[in-house]
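Trainee: I am new to this one and would like a walk through it. Could we look at it together?

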Amino acid sequence: MSTKINILRTANYLLIAIITFLVLQSCIVVIHEFTHRTTAWLLGEVKSPVDIVWGNPITMTGWDEGVEYTKIFSQGRGFNGAVIGIAPIIMHTFLLVCAIWLMCGDWLFKRKWIFHAAYWLSITNFMELIAYVYMRAFSGHGDLGNFDVGMNISPWWIFIIGSVCLTLGLWFFFSRCLPRLQFLFAPDNIYLKWSILILSTFLLFLWGSGIRVMAYVSGPQWTFGLIGIPAVLLCVWLFRPSRYQL
């Protein structure tokens with residue numbers, strides 16, 4: 001196949017992938033906040049499960065579940081606050097595990113466009129976990145910060161245990177699921193294989209986490225966003241197309 005055709009197919013797929021990702025990202029951001037709010041409602045901390053604060057679904061700014069954690073903690077219901085804070089993290093993990101499990105099976109592998117959706121859904125959930133575990137575990141606020149306060153535990157526990165699990169998950173994802181997507185959409189197109197890898201790492205470690213942390217997190221914690229730069233370079237080198245193939 002000619003270079004020109006390969007480049008054209010690369011551009012076409014990348015456009016589809018970016019649109020898919022943006023749609024899924026918007027959905028996940030909304031689901032994230034509703035998970036907080038619904039959990040708070042089930043625990044009797046809010047009157048309605050739907051009154052979230054709406055923000056920008058592309059930049060992921062301005063969103064809030066509208067839960068008064070300070071009030072909950074001051075009234076001695078730390079466990080409730082912790083559960084409300086950690087609920088979306090559990091949700092992201094559950095969706096991620098389900099998507100990866102399906103991508104490793106034969107049924108989804110025979111349905112390339114559903115596989116495509118599952119892959120980019122995994123990216124959206126992974127990037128949330130990366131932002132919270134790798135880069136915001138010590139911020140003292142946000143989902144994991146509220147969990148730490150509610151459970152009265154050190155953020156080191158979340159950072160160490162979460163980082164180990166997340167690293168193993170990323171390794172499995174890049175070594176097993178990425179080559180399958182590349183095989184389905186770019187069996188003989190090295191340009192597209194590289195493009196999928198680079199786009200995936202950029203979204204995971206910079207767009208959804210590193211850049212956001214550097215731009216919006218105050219105090220020394222913003223420097224954790226810099227982790228995204230070497231993480232992209234390391235993953236591009238470790239999971240280059242010549243290393244992992246079906």
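Mentor: Let us begin with a term: a residue counts as buried when its relative accessible area is under 20%, and as exposed when that area is over 50%. Please also keep in mind that this is a predicted model.

Trainee: Then is Phe-21 buried or exposed?

Mentor: Phe-21 is buried, because its relative accessible area is 2%. Phe-21 belongs to helix α1.

Trainee: Which residues does Phe-21 touch, apart from its neighbours in sequence?

Mentor: Not counting residues up to four places away in sequence, Phe-21 touches Ile-123, Thr-124, Met-127, Leu-203 and Trp-207.

Trainee: And how far is Phe-21 from Ile-190?

Mentor: Their C-alpha atoms are separated by 22 Å, with the two positions 169 residues apart along the chain.

Trainee: Let me step back. How many helices and strands are there in the chain?

Mentor: The chain has nine helices and zero strands. Read from the N terminus, the elements run α-α-α-α-α-α-α-α-α.

Trainee: What about the overall dimensions of the chain?

Mentor: The C-alpha trace spans about 65 × 35 × 30 Å along its principal axes. The radius of gyration is 19 Å, which agrees with the value near 18 Å for a compact globule of 246 residues.

Trainee: How much of the chain counts as buried?

Mentor: Of the 246 residues, 49% count as buried. The accessible surface comes to about 12,200 Å², and 70% of that belongs to carbon and sulfur atoms.

Trainee: What share of the contacts joins residues at least 24 apart in sequence?

Mentor: That share is 73%, taken among contacts between residues at least 6 apart in sequence.

Trainee: You mentioned Leu-203 as a contact of Phe-21. What is centred on Leu-203 in α8?

Mentor: Helix α8 has a kink of about 45°, and Leu-203 is its centre. The helix covers residues 190-216, which makes 27 residues, and it reaches 36 Å from its first C-alpha to its last, close to the 39 Å expected at 1.5 Å a residue.

Trainee: What happens at the start of α8?

Mentor: There, a side-chain oxygen of Asn-189 comes to within 3.2 Å of the backbone nitrogen of Tyr-191.

Trainee: Which helices do the buried residues of α9 pack against?

Mentor: They pack against α7, which covers residues 155-185, and α8. The buried residues of α9, itself residues 228-238, are Gly-228, Ala-231, Val-232, Cys-235, Val-236 and Leu-238.

Trainee: Now to α6. Why is it described as largely enclosed?

Mentor: Seven of the ten residues of α6 are buried, so the rest of the structure largely encloses this helix. Those residues are Asp-143, Leu-144, Gly-145, Asn-146, Phe-147, Asp-148 and Gly-150.

Trainee: Which helices do they pack against?

Mentor: The buried residues of α6 pack against α1, α2, α3, α5 and α7.

Trainee: And what follows α6?

Mentor: Asn-152 follows, in the loop between α6 and α7. Asn-152 has a positive phi of about 55° although it is not a glycine. With a relative accessibility of 72%, Asn-152 counts as exposed.

Trainee: Where is Gly-140 found?

Mentor: Gly-140 sits in the loop between α5 and α6. It is exposed, with a relative accessible area of 56%. The C-alpha atoms of Gly-140 and Gly-169 are separated by 25 Å, the two being 29 residues apart along the chain.

Trainee: What about Gly-55, where does it lie?

Mentor: Gly-55 lies in the loop between α1, residues 3-42, and α2, residues 69-74. It is partly exposed, with a relative accessible area of 27%. Leaving aside neighbours within four places in sequence, Gly-55 is in contact with Thr-61, Gly-62 and Trp-63.

Trainee: One last residue: is Asn-80 buried or exposed?

Mentor: Asn-80 counts as buried, at 15% relative accessibility. Asn-80 lies in helix α3, which covers residues 78-103. Beyond its neighbours within four places in sequence, Asn-80 is in contact with Leu-43, Glu-45 and Ile-72.

Terms used. Residues numbered from 1 in each chain as written. Predicted model: local features only at pLDDT ≥ 70, side-chain atom pairs only at ≥ 80, totals over all residues. Heavy atoms only, no water. Helix = DSSP H or I, 4+ residues; strand = E, 2+ residues; numbered from the N terminus. Buried < 20%, exposed > 50% of the residue type's maximum accessible area, 1.4 Å probe, protein only. Contact = heavy atoms within 4.5 Å. Expected span 1.5 Å × (residues − 1). Bend = angle between axes of the 7 residues up to and from the residue. Polar contact = N/O pair within 3.5 Å; in protein donor to acceptor, adjacent residues only side chain to side chain. Rg over C-alpha atoms; globule rule 2.2 N^0.38 Å. Areas by Shrake-Rupley, 256 points an atom, 1.4 Å probe, with all protein chains shown as cover.
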